[in-house]
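Colleague: I would like a close look at a single part of this chain rather than a tour of everything. Please choose one part, and tell me carefully how it sits among its surroundings.

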Amino acid sequence: MKVIFLDIDGVLNCKRTPNPRKFPFIVDPALLNRLKRLLELSGAKVVLASNWRYDPAGMFSARHYGVPFIDTTPDLPNQPRCNPIADWLQRHPDVERFVVIDDEDDELDDLPLFQPSRSTGITEEMVRAAADYLNGKTDKDMRHNKLVRIFQNLGSLVSGHKG
Ligand SMILES: [Mg+2]
């Protein structure tokens, strides 16, 4: 089995996603279609790693928008963000390839990360790269370099945007 550990905020929604009523849980249909394309190209299944998973309203919204997922990572409070993923993988030894798609890389250590910018969410380019990774064509992931990251963090401090 191939698995995508999926974050939602900054991946399936972005700064450009219209949200006039400022709902806390929204999905951008165009970005969701990119995820679906990735599933077609790779045959992978989605495991929700987003914070949405431990808020009942988040889980409701994920289903409402039709985010296709088969499971969620466990809720392990006060543990680094890589631990719920490691825990899930330990309980599913049949996973051959996996990626993490998350706009933030803190506490994800050396996991194969595809990291969209929260201004765009998941891109076409990332869909192709993640599909190649999941299909075993490459071992290259897509992380922001440190400088871009620092700049982004500064930017989010200034704008008060929470990813
Ligand atoms: Mg996020």
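Modeller: Helices here are DSSP runs of H or I with at least four residues, strands are runs of E with at least two, and both are numbered from the N terminus. Please keep in mind that this is a predicted model. The part I have chosen is α4, which spans residues 124–134, in a chain that holds 5 helices and 5 strands. From the N terminus on, these elements follow one another as β-α-β-α-β-α-β-β-α-α.

I begin with the two sides of the helix. The buried residues of α4 are M126, V127, A130, A131, Y133 and L134. Because they cover an arc of only 160° around the axis, they lie on the same side of α4. As a general matter, an α-helix has 3.6 residues a turn, so residues three or four places apart point the same way. On the other side of α4, E124 and E125 are exposed. For the chain as a whole, buried residues make up 32% of its 163 residues.

What, then, covers the buried residues of α4? The cover includes β1, α1, β4 and β5, the last of these being residues 113–114. Three of these strands are themselves linked by pairing: β1 and β4 run parallel and are joined by 5 bridges, while β4 and β5, also parallel, are joined by 2 bridges. One can follow the pairing through individual residues, since L6 has I101 in β4 as its bridge partner, and I101 in turn has F114 in β5 as its own. β4 is mostly covered, with 4 of its 5 residues buried.

The helix also takes part in the largest nonpolar core, which has 35 residues, and A130 is among those with the most contacts inside it, together with F5, L6, L12, V99 and I101. At least two residues of this core come from each of β1 (2–6), α1 (29–42), β2 (45–48), β4 (97–101) and α4, and α4 gives the most, with 6 residues. In general, nonpolar side chains tend to be buried together in soluble globular proteins. To take one of the core residues as an example, F5 touches V47, A49, T73, I85, F98 and V100, leaving aside residues up to four places away in sequence.

Finally, there is the end of the helix to consider: α4 is followed by G136, whose phi is positive, near 75°.

Definitions and conventions. Residues are numbered from 1 along each chain as its sequence is written. This is a predicted model: local features need pLDDT of at least 70, side-chain atom pairs count only at pLDDT 80 or more; totals for chains, interfaces and linings use all residues. A nonpolar core is a set of buried Ala, Val, Leu, Ile, Met, Phe, Trp, Tyr and Cys residues joined through C-beta atoms within 7 Å. A residue is buried if 20 or more other C-beta atoms lie within 10 Å of its own, exposed if 12 or fewer, and partly exposed in between; C-beta atoms are placed from the backbone. Two residues are in contact if their C-beta atoms, placed from the backbone, lie within 7 Å. The arc is that of the directions from the helix axis to the C-beta atoms. Two strands pair if DSSP finds at least two bridges between them.
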